[in-house]
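Trainee: Can you walk me through this one? I'd like the overall picture before the details.

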Amino acid sequence: MFVALKHSNREVKRNIKSGRDELHLEKSKVDLSRLHLQNLLYEVSHLKKEIVRCQKFKSRDTYLELLSDKEYSSKYAADAEETSNMTNHKTHLYRLECELRLRKELDSQYSALLTSKQELLQENLNQTQRYLSFAPALRTLLDSTKPLHDALQLSLDVEWKLSSIVKYLPRPLYILFINLEALQRASGGLSFKHEIIGYESDVQMQELLLESENSLKERRHFQEVNHPSEATVNNVLERAIKSHPLHIRLVMETPDKSYELVLFVRYWTLLKCCTIRAQLNSSNTTNVQGDTNMLQNLLGHLYPNDLGNDIPVPGIEYELQNLNLSAEDCLEYLVKNGFGKPYCWLQSMCSIATVNKNKLFNHELNLHKWTREVFARISKRWHSWMSLTQQVRGLVYKDVDLYALRENIYPEGLSCSLVQWTVISTEEFNVQNSNLLTNLPSDNGITYTSYRAVIVRGSAKMECFIRIPSNYPMEIPLWILSVHWNGRHTAMNNSAIKMMEYWTNSLQPKDLEKNHRLLYAQLFRTIYSFDIFLETEGSMQTTREYNKEKPYISAFAKRIRLRPYRYITKGSIHTFKQ
């Protein structure tokens with residue numbers, strides 16, 4: 001029994017030892033697995049960080065201004081086949097190499113152009129020194145020929161000698177003044193006067209102030225940076241919007257000397273542009289206030305898309321930004337203080353390069369031809385507006401005799417009478433029913449003045465709504481008609497009224513006879529068309545109110561029943577026909 005017990009004890013100890021060995025082995029396997037798991041987790045964390053770092057990585061070429069895809073494909077079209085089989089990365093590297101070669105080529109071209117520029121500057125300097133050496137010889141020659149001028153009684157030096165104040169003009173105004181002198185000597189049908197307004201002392205004082213301002217520039221800059229205030233900003237605006245002390249005054253008169261158009265041209269040093277303002281003077285002071293309403297439209301539509309609402313000087317907006325100003329502030333200041341607007345055609349007259357709102361660069365070189373053309377347009381437009389203003393004033397105040405006007409082509413048959421001509425608002429005009437309002441082009445900065453005229457014959461009444469554009473005579477007045485007789489007839493419900501509107505609005509200035517005025521001619525076309533309408537329409541009524549008084553062959557023609565609105569004369573025969 002003792003032996004069996006001892007054997008069992010040994011067997012138990014051997015089993016415990018083998019169990020411990022197996023447990024140790026399994027623990028070792030678990031530790032190895034856990035260590036391997038930690039290594040894998042660490043590698044995963046490291047890889048995630050590398051992925052994030054790669055995602056955030058940005059190449060230095062992203063900060064470079066590369067060619068656009070369209071420009072690159074046009075310049076390197078031959079390399080498209082080579083890069084078609086490359087990966088995106090290799091394609092990008094190839095493109096960067098092409099960009100590097102292109103920059104090296106441009107740098108070499110820039111160096112060559114810079115060298116050529118230096119050579120041209122040196123050549124210009126040598127030529128300038130050569131020309132300056134001619135001045136003493138020319139003065140000696142001029143002095144030696146003065147006795148010959150006196151003997152021949154020539155006054156060449158007197159004719160070409162300008163006043164001493166001209167030399168103080170800034171370059172753009174000097175060029176304009178010289179061209180005006182030449183244009184006035186040529187006397188090509190343009191009658192105007194021009195003079196320089198200002199004093200030499202003002203120019204000299206401005207130069208002294210400018211020198212003192214430059215000497216104190218650094219000190220003032222230190223004070224403005226350390227003590228900014230609203231007054232400083234206002235001072236900067238006043239310095240930027242400061243005109244030259246001298247300006248040019250031009251005067252154009254009507255043939256009867258009753259009105260004169262005065263133009264003031266100023267140059268703004270820091271804005272590098274000129275402005276023009278119009279003023280109307282009249283011997284009849286009672287009507288000046290009404291005539292001045294056309295001045296804001298006189299210069300604004302001289303050329304298309306040139307309303308003077310921008311400063312047309314290249315790069316001026318960047319210079320104004322350095323002074324904490326904007327072009328809008330400058331234009332508002334100019335208009336508010338009555339200095340006019342900087343039109344592009346004015347800059348061309350002064351030999352100033354311009355860039356319009358469509359980013360088109362223009363620098364007029366033929367100044368004499370351009371100045372003549374501009375003045376011809378101003379003169380034609382002004383006389384057209386004066387004639388139109390007189391016509392409107394005569395109709396409003398009933399100062400005209402319709403029977404005596406030369407535009408009345410058939411005085412004997414004037415049966416209608418104009419009883420009213422008044423001003424109406426734009427809203428009242430736009431509420432009228434007509435196809436003409438739906439087919440109008442965009443305004444393009446054009447403003448309108450509307451009127452209402454009433455024409456009466458018997459129990460019939462016709463309302464005429466007239467709209468006069470601000471770019472007249474480029475665009476003629478528009479008439480909309482409405483007849484009140486046995487109901488209301490407009491172009492929307494009556495083809496005869498539509499044809500009447502067309503006949504009135506189709507009249508163009510080139511169709512007028514000599515010395516005829518457009519608004520009066522349109523009025524008489526409307527009156528006679530109204531008479532024809534009543535006489536032809538009245539023949540179809542059961543009770544005839546209007547008999548045939550106008551000479552016409554047939555009341556209707558063709559299937560659309562045209563009325564005889566057109567008046568023709570052949571010798572002693574005059575008649576109305578379709």
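Trainee: How much area does the protein chain expose, and what share do carbon and sulfur atoms supply?

Mentor: The protein chain exposes about 37,200 Å², and carbon and sulfur atoms supply 55% of it. Accessible areas come from the Shrake-Rupley method with a 1.4 Å probe, and for residues only the protein chains shown count as cover. This is a predicted model: local features need pLDDT of at least 70, side-chain atom pairs count only at pLDDT 80 or more, and totals for chains, interfaces and linings use all residues. Residues are numbered from 1 along each chain as its sequence is written, and side-chain values use heavy atoms, with hydrogens and water left out.

Trainee: How many helices and strands are there in the protein chain?

Mentor: The protein chain has 20 helices and 13 strands. Both are DSSP runs numbered from the N terminus: helices are H or I with at least four residues, strands are E with at least two.

Trainee: What percentage of the residues is buried?

Mentor: Of the 578 residues in the protein chain, 36% are buried. Buried means under 20% relative accessible area, exposed over 50%, partly exposed in between (1.4 Å probe, protein chains only).

Trainee: And the sheet? In which order do the 4 strands come?

Mentor: The order is 1-2-3-4, in an open sheet with antiparallel pairing. Two strands pair if DSSP finds at least two bridges between them. Strand 1 (193–197) and strand 4 (273–282) are at the edges with a single partner strand each, so one side of each has no neighbour in the sheet. The twist averages 20 degrees from one strand to the next.

Trainee: Which helix packs on the sheet?

Mentor: Helix 16 (residues 367–396) does, touching strand 2, strand 3 and strand 4. Its direction makes about 135 degrees with that of strand 3. Axes are lines fitted to C-alpha atoms, for helices over the stretch in contact, and angles run from 0 to 180 degrees between N-to-C directions.

Trainee: Switching to the core. How many residues has the largest nonpolar one?

Mentor: It has 83 residues, and those with the most contacts inside it include L261, W345 and I455. Such a core is a set of buried Ala, Val, Leu, Ile, Met, Phe, Trp, Tyr and Cys residues joined through side-chain atoms within 4.5 Å. Helix 20 (residues 518–538) gives the largest share of this core, 11 residues.

Trainee: What is I455 in contact with?

Mentor: Leaving aside neighbours within four places in sequence, its contacts (heavy atoms within 4.5 Å) include C416, M462, L523 and F530.
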